[in-house]
Amino acid sequence: MSQRPPRRVARSWKAYLAIALLVGIPLVYGWISTQQSRESGRDKAERAAYTEMEPGWPPRLLRRIYQVPVPGGAEYISYYEENALHDSALYVDFTGPQQSVDEYLEVTFSRSDVRPLPRLRDGFNPVTPAQAETAGWDFTEGNWSGLKLTQPGALPDVSIVVNTADPENLVVRTVSTAEY
C-alpha cells in the first residue's frame, strides 16, 4: 500500500487576514498600553522631583484626599505635595477676594463635624516654621490670621493662614497633613 502525502489545505487570503488580525491587534494594544504606562510614570516622577511650589491647580485627586477645595474665584494658585514614610502634606497657596475665601472656609469646614464654623483668629499662625520653609513662605510681612482644623483618625489636619492686609486680594496659604 502506498501512502499518500498529506494533503495541503489551500488557505485563502481571508484566513491569512484573520490570523494577522488575531495576532496583530493584541500586539498593537500591548505596545500602546506600554507607551502610555511609561509616559504616566515619567509624569509622576517629574512631579515627585519638584522641590518648590508648582503653579496651577492641584490635581482633583489631591484636593479630595487632603480635603483642600480651592474656590472658583481663586487666582495665582500654586501647590506642592510632600510625601514621607508616615505622613504626607499638601501645600496650597492662592489669592482671592473675600467672597472666595469665605466660600473656601465654609466648604473646608462643612466636611468636618465642627459646629459652629470657626472664624479666623488674628495673629494666629498654625503653619510651623518647618512647613513655611518647605513651601518657601514668609509670614513676616502683612496681617496674618489663621485657624487649624484637627480631625480624628485618617482625616487630614488642615492649617489655614490668610493675609488680610489687602481685602480685595487676600492671600490664603493652606497646609493639609495626612498621617498613616
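Me: What does the side chain of Arg-173 reach at 3.3 Å?
Reply: In this predicted model, the side chain of Arg-173 reaches the backbone oxygen of Asp-138.

Me: What makes that pair a polar contact?
Reply: The cut-off is 3.5 Å between N or O atoms. The side chain of Arg-173 comes to the oxygen of Asp-138 at 3.3 Å. That value is within the cut-off, so the pair counts as a polar contact.

Me: Why is Arg-173 called buried?
Reply: Buried means under 20% relative accessible area. Arg-173 has 13%. The value falls under the cut-off, so Arg-173 is buried.

Me: Where does Arg-173 lie, and which residues is it in contact with?
Reply: Arg-173 lies in strand β7. Beyond its neighbours within four places in sequence, its contacts include Val-92, Asp-93, Trp-137, Trp-144 and Ile-160. Asp-138 is also among them.

Me: How do you know that β3 and β7 pair?
Reply: Two strands pair if there are at least two bridges between them. Strand β3 (residues 87–96) and strand β7 (residues 170–179) are joined by 10 bridges. The requirement is met, so they pair. They run antiparallel. One bridge partner in β7 is Ala-178, which belongs to Ser-88.

Me: What joins β6 to β7?
Reply: There are 7 bridges between β6 and β7, and the two run antiparallel. Asp-157 stands opposite Thr-177 in β7. A hairpin of 6 residues links β6 to β7.

Me: How many bridges join β5 to β6?
Reply: Strand β5 (residues 144–149) is joined to β6 by 6 bridges. Ser-145 has Val-162 in β6 as its bridge partner.

Me: Why is β6 described as largely enclosed?
Reply: Of the 7 residues in strand β6 (residues 157–163), 6 are buried, so the rest of the structure largely encloses it.

Me: In what order do the strands of the open sheet stand?
Reply: The 7 strands follow the order β1-β2-β3-β7-β6-β5-β4, with antiparallel pairing. At the edges are β1 (54–55) and β4 (121–122), each with a single partner strand, so one side of each has no neighbour in the sheet.

Me: Which residues of the largest nonpolar core touch the most other members?
Reply: Phe-94 and Ile-160 do, in a core of 22 residues. The elements giving two or more residues to this core include β3, β6 and β7. The most come from α3, with 4 residues.

Me: Which residues does Phe-94 touch?
Reply: Leaving out residues up to four places away in sequence, Phe-94 touches Val-70, Pro-71, Tyr-104 and Leu-170, among others. A second, separate core has 12 residues, including Tyr-80, Ala-135, Trp-137 and Trp-144.

Key. Residues are numbered from 1 along each chain as its sequence is written. This is a predicted model: local features need pLDDT of at least 70, side-chain atom pairs count only at pLDDT 80 or more; totals for chains, interfaces and linings use all residues. Side-chain values use heavy atoms; hydrogens and water are left out. Buried means under 20% relative accessible area, exposed over 50%, partly exposed in between (1.4 Å probe, protein chains only). A polar contact is a pair of N or O atoms within 3.5 Å; within protein, one must be able to donate a hydrogen and the other to accept it, and residues adjacent in sequence count only if both atoms are side-chain atoms. Contact means heavy atoms within 4.5 Å. A nonpolar core is a set of buried Ala, Val, Leu, Ile, Met, Phe, Trp, Tyr and Cys residues joined through side-chain atoms within 4.5 Å.
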